[in-house]
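Please open the model in your viewer, colour it by chain, and keep a selection panel at hand. The tour below goes from one selection to the next and says what is found at each stop.

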Amino acid sequence: MTIGKKILLYLVLILSGFIMFFPIVYAFMISFMQGGEVLQGKLIPENFTLTNYLNAFEKVPLLRYLINSLVVSTVIMLGQLLLCSLAAFAFVFTKFKGKNLLFMLFISTMMIPWEATMVPNFQTIQSLGWLNSFPGLTIPFFAMAFGTFLLRQQFKTIPIELYEASQVSGVSRFKFFLTVVLPISKTSLITLGIYCFLTAWNMYLWPLLVTNDEKVRTVQIGLKQMQTQEIASEWGVVMAGVMLVILPTLLLIFVGQKRLQEGLTRGAIK
Amino acid sequence: MRALELKQMRKSYQADIEVLKGIDIVIEPGEFFVLVGPSGCGKSTLLRMIAGLEEISSGELYIGGAYANKLKPSKRELSMVFQNYALFPHMTVEQNIAFGLHVKKLTKVEQSQRCKEAAEMLGLTPYLKRKPRELSGGQRQRVALARAIVTQDPICLMDEPLSNLDAKLRTKMRSEIRQLQRKLGITMIYVTHDQTEAMTMADRMMILNQGEVQQVGKPLDIYNHPANTFVASFIGAPPMNMVNGYIQNGNVHLPCDTTLPQIHHNLTGEFTIGIRPEHLVRATNTDEATLQAIVTNVEMLGTETLINFQLTDKLQWTARWQGQHAIPLGEKVSFAIKTEDLVFFDDQTKQNTFLEGVEVI
Amino acid sequence: MKKLWVVSILCMLIFMTACSNDSANTEEASEDGKTEVIFWHSMSGELEHVVQEVADGFNAEQDEITVTPVFQGTYEEAITKFNTVAGTEDAPAIMQTFEVGTKYMIDSGKIQPVQKFIDDEGYDMNQWEKNITNYYSVDDTQYSMPFNSSTPVLIYNKDAFKEAGLDPEKAPETYSELKEAAKKLTNDDQVGFSILNYGWFIEELIAVQGGLFVDNDNGRTGNAEKAVFNGEEGLKVFELISEMHKEGTFYNTGQNWDDIRAAFQSGKIAMYLDSSAGIRATVDNAPFEVGAGYLPVPDGVDRQGVIIGGASLWMAKDIDEEKQRAAWEFMKYVTTPDVQAQWHLKSGYFSINPAAYDLPVVQEEWEKYPQLKVTVDQLKNTIPSEATQGALISVFPEARQKVVSAMESLYQGVEPKEALDRAAAEIDQSLEAANRKNGSQ
Amino acid sequence: MSSLNMNVDPKRPTLRKNRFSLASFEGWLYVLPSFILFIIFLFYPMVRTVYLSFFYTDTQGKPLSFAGWENFTTLLSSTSFLTSAKATFLFVLYTVPVGVILALALALLANQKLKGIGFFRTIFSSTMGMSVAASSVIWMFIYNPSIGIANKILNVFGFADMHFLLDPNTALLSVAIATIWMNTGFTFLILLGGLQNIDSQLYESARIAGVSSSYSFRKITLPMLSPTLFFVLTVTMINSFQSFGQIDILTKGGPIDSTNVIVYSIYKDAFINYNIGSASAQAVLLFLCVFILTVIQFKLGERKVHYQ
């Protein structure tokens, strides 16, 4: 690579990085603005004080919400990884009647608009007595067509010889799943895990519907609680809340990104 | 025909880790040149530097006399066969072979003509419409070869092209590649870790270890006159037998109470002494210098027999005898040794004392 | 990897314990002998704190009842949830619903009109502001208890007025004054006037002229069957917007409250209509002097006054009478002058109980924010009628969307009459469908 | 998948049958947990929705009387639904191809071996961590005609102010841009993973052959990346059809219904206008539409996709 090309690449990288990251920086700036500064169209706050952050913690039990979100997202993530990998495994490594039809059925669930399911699901959860509880917040999301689809694509790249080898050596299918399929697919599992976690972290309407209590409520509800309609929202505080809420997810991406990279290079050297 | 010249070529990834430590070599046009060494010795890196896939950290590369350090891979007029063949899974054999030919400013007709020739030469004609995954390992290997020769570049680089094949096929391909090279008269630079491949195929070979050249030369010269203990044990199977001994008063003392009488060199002191297995012949008459040892294992290969025996408590040697010898295990056998068959390596530098100071090319 | 497992297992553990705790929690509440009143509301931001303070005040004052306010998202979200749980044990005792949901709540059959308790106790309703309670009263039955109430006002930039040579102490009162002022205020960087694309403001601008929104006396004497806002009054409003927009003295700020406030505070617009509840924050945040005035009327039209906006508190049916009574106690507490004074000062909404305005705390605040008094006066001067009582429509939210679309089409050059008629026709259809359903019930 | 048959021993017919049904049972066992949850939380509500779409409902969502196809015929003949359908398709058209191409470009950029590339990768994938609600609020400020940065930038380049979200001609496009930004992080990460899985020797081979980089992009990168691309396209298309949060916050379906995509229209009918029958009918139509498109995509796509 010539120096000129390198410089050009870096320029493009920096430019696109700036464009991609700008909205987040903007939110960060707003999170330090007081009162009307935001509405007057300023870009850089007058001074960087933590008042808004303290306010955000005061306004809603943010810490409690953060812990709840962490628990809910982690449980959903683990549940999804488990169920999706099991189902994807079945779609790739077992043979049963109606498999293809079932797969199409699975995929079709992705197309069901959530608006249509919200109210009936709420009633189901209510009749199960799961309102205001972690099962109600998590279990409906354990099955996920998207994740099953993603893992199926990944599992399909595993050479069939590996499966045959395990059959020959008398290893049970489940053991093959645990000891061969899962470790090989680690990268995909981590990617999917991050995705699941983030999606769960960003849920709003469902947690709002099934909870009545700050003991189980999640951060996105907290964010909504900070905004107002008829009265001017304190955007500085709201953005401080946003920053606090996206901090864990950004950290996760940062760490996950590294792990991802490790996983990928390890796979490449082999 | 173009020669290749490497001058003090070095490669380092980080400042302190040097993968190649100054390689100097001239590869003659039309030569079959083999780079051999254990894995991790830097031979593939060297090949990739020649190809232009890796940057040259320092030193100079000349192709056909022209400075080529900064040349793009495609401008070096060479072809390359990769270890895993690097076939495009989504293209047919024909498309794979013809890949990139359009850059050579050939007409469509010429392209397909060349492609057919290459396929014909390698017996791939029936498979032209197939995808790589529908081929056997040997056929894939041939596709990779065809893709290299179709370019008609004067230099061809091969990076362990046979390592994914089974033993029998490997032997067959070995001679095929050699014949092909002769037929086309191209310069071939061939990387392998297999000393047999190197011995059987090379016009000349270069042995690398830990980024340093150990020895360069014709296979037999190297076999007969290994430059150091590394080369001695790397080239030849089974490897050269070695033991620490010393020379005193013109007598060679081996640690197994064996003393060889005369020596026509003026050597004295401690040495690592080596001897090829085939030089440990069965003692037939008593006035020969002999070595007596207990047989621990016997491998009969039909035309020859390998006899393992306990030289000292910790050291086993192997002898290779022509013919079939059913020796019971545990028997004490006498081996005759000729002093001129012994190779003496400096105890400190591990260099062959006979070759010391001699330029080895 | 190990760490990851530890974290996962920990999370699972928390999860498990949380599950097992859950059933215990619900029982605990009733164990201490107090009646628990769950109060669902949609007050977010600073308002949620004020609601909590009111509830805390009530809980501290007596030891029979505990009121627990729970935020349930926007009005729409809360109403969806209420709709689903109404009639079950998960239903709240008190439910806050926006003004346009009034007809819906009445029709739902899941609420208990507060009139019952007023009658039972002979509670004196006259201490409440008639112009507020009227909205939630149908056929002389008080259905819900007004809670957060607001009206629209004209907000303007006094500094800009001075610069344009206008009297900063005198807000434009008629359309011609408004237009003239807007013309003077409009320059390269500033546009004279703006209205949020929100149906409420159109309703108000019609009502202030004494015009009706739907037939059957604004739906107060029978189910509304036809939209009538496309009459003379509505046309005047739309013509005003259309003309000013064509002149370039009207700025389209979209549907977001915050966008229009941003436009005002950044000096992009000099006058706009805002909710009385938002005034104080606007005054605080603006880097210039802010004035407030009454809603403008067309020339030669007598000002009738404004309709109340905001939300009210509803009581659920099908719950223990004891809980209903407890909820009623809380509602009464909320309307006491002291509480209302606090509410008015902290939230910016009106006091339901006008007595609160005479309290020194309020008077002091008014000294600081004379703009607040303007809003109260505007409400006080309102002449009660079907027009200012506000419309009662089952499909009100939908109607508002249609009006917004009509407003938006004005900016695309559609004729005011055409825009209004189209919206009215669409609302007629919806009304017809809704009435048909209700009829077949 | 036919190679899976190989574990069946043809010499022992009795065992064969046993094994097969056992395997079949086992297969179901793995799928069962997901399947049960799908039935409870997706299929049951969907069936209910289909059921309701054939009824007149009261404002509480209870079916009143059978309506036959009327909900559908009313919808299909109403201009507002057709506007919604048009907006939806345009929105998908704006977001999916551009979004995927942008993410692919970023992934190609971030796949270079450069120092500090990890930092850029993190930056590019960072939008994945932003919730739709949070991002929408930020974009609301960016687009704000009076204070937003977007107009300030336009002014710097000498363009006049734009009313991004207020002009029916630009609103959908503006929401689409915000959506593309929100989705890029995830799409980027998946595509980068796909790129890194391509054997580097294929590119080296191309370098030696001396083909142009655009040629090797067309002949190597795209075909090798096709399974990933196919996946990303399918998923972003479905997601795009279901975009809701950004529309709710940025435009509320306006101005003049120009951004009133079907999902938002469903939301309005179900949660604001209490018109459950119509909402259900729209949900059914949306489902069918996405379903058909996905089936077509699978049929066309799987043919073009090269699994290794």
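A polar contact is a pair of N or O atoms within 3.5 Å; within protein, one of the two must be able to donate a hydrogen and the other to accept it, and residues adjacent in sequence count only if both atoms are side-chain atoms. With that in mind, please note that this is a predicted model, and that between chain D and chain A there are nine residue pairs in polar contact, both residues being at pLDDT 80 or more.

**Stop 1: chains A and D**

Select chains A and D together, since among the four pairs of chains that touch, the most contacts are between these two. On the chain D side 88 residues are in contact, and they meet 95 residues of chain A. About 8400 Å² is buried between chain D and chain A, and carbon and sulfur atoms give 76% of that area. If you wish to label a few residues here, take Y30(D), F41(D) and F141(D), which supply 9% of the area that chain D buries against chain A, more than any other three residues.

Which residues form the salt bridge between these chains? Show R173(A) and E26(D) as sticks: they form a salt bridge in which the closest N and O atoms are 3.1 Å apart, and the count between chain D and chain A is one such bridge. Next, select residues 13-52 of chain D, helix α1, which gives the most to the side of chain D that touches chain A, with 22 residues. Coloured by residue class, that side of chain D divides into 60 nonpolar, 22 polar and six charged residues.

**Stop 2: a helix crossing between A and D**

Now select residues 3-30 of chain A, helix α1, and residues 132-143 of chain D, helix α5, whose axes come within 10 Å and cross at roughly 90°. Because angles of 65 to 115 degrees count as roughly perpendicular, α1(A) and α5(D) are roughly perpendicular to each other. On the α1(A) side the contact is made by P23(A), Y26(A), A27(A) and I30(A), and on the α5(D) side by I138(D), W139(D), F141(D) and I142(D). The residues of this contact divide into eight nonpolar, no polar and no charged.

Before leaving chain A, display it alone: its secondary structure comes to 13 helices and zero strands, and its C-alpha atoms fill a box of roughly 70 × 65 × 30 Å along the principal axes.

**Stop 3: chains B and D**

Add chain B and return to chain D, where 19 residues are in contact with 24 residues of chain B. The area buried between chain D and chain B is about 1900 Å², with carbon and sulfur atoms giving 63% of it. In chain D, Q201(D), R207(D) and I208(D) lose the most area to chain B, together 33% of what that side buries.

Centre the view on R48(B) and E204(D), which form a salt bridge with their closest N and O atoms 2.3 Å apart; across this interface there is one salt bridge, along with six residue pairs in polar contact, both residues at pLDDT 80 or more. The elements of chain D that give two or more residues to the side touching chain B are α8 and α9, and α8(D) gives the most, with eight residues.

**Stop 4: α8 and α9 of chain D**

Keep chain D and select residues 200-209 (α8) and 213-241 (α9), whose axes come within 11 Å and cross at roughly 170°; α8(D) and α9(D) are therefore roughly antiparallel to each other. Here L202(D), Y203(D) and A206(D) of α8(D) meet S216(D), I220(D), T221(D) and M224(D) of α9(D), and the residues of this contact divide into five nonpolar, two polar and no charged.

**Stop 5: pairs that do not touch, and two backbone details**

Show chains A and B together, which do not touch and have their nearest C-alpha atoms 9 Å apart. No contact joins chain B and chain C either, their closest C-alpha atoms lying 29 Å apart.

Most residues other than glycine have a negative phi, and most peptide bonds are trans. Against that background, select A237(B) and P238(B), between which the peptide bond is cis, with omega near -5°; P238(B) lies in the loop between α8 (229-234) and β11 (241-248) of chain B. Finally, go to N216(C), which has a positive phi of about 50° although it is not a glycine, and which is placed in helix α10 (residues 215-219) of chain C.

Definitions and conventions: Residues numbered from 1 in each chain as written. Chains lettered and ligands numbered in written order. Heavy atoms only, no water. Contact = heavy atoms within 4.5 Å. Buried area = accessible area lost by both parts, 1.4 Å probe. Salt bridge = Lys/Arg side-chain N within 4 Å of Asp/Glu carboxyl O. Helix = DSSP H or I, 4+ residues; strand = E, 2+ residues; numbered from the N terminus. Nonpolar A, V, L, I, M, F, W, Y, C, P; charged D, E, K, R; others polar. Axes fitted to C-alpha atoms, helices over the stretch in contact; angles between N-to-C directions. Parallel < 35°, antiparallel > 145°, perpendicular 65-115°, else oblique.
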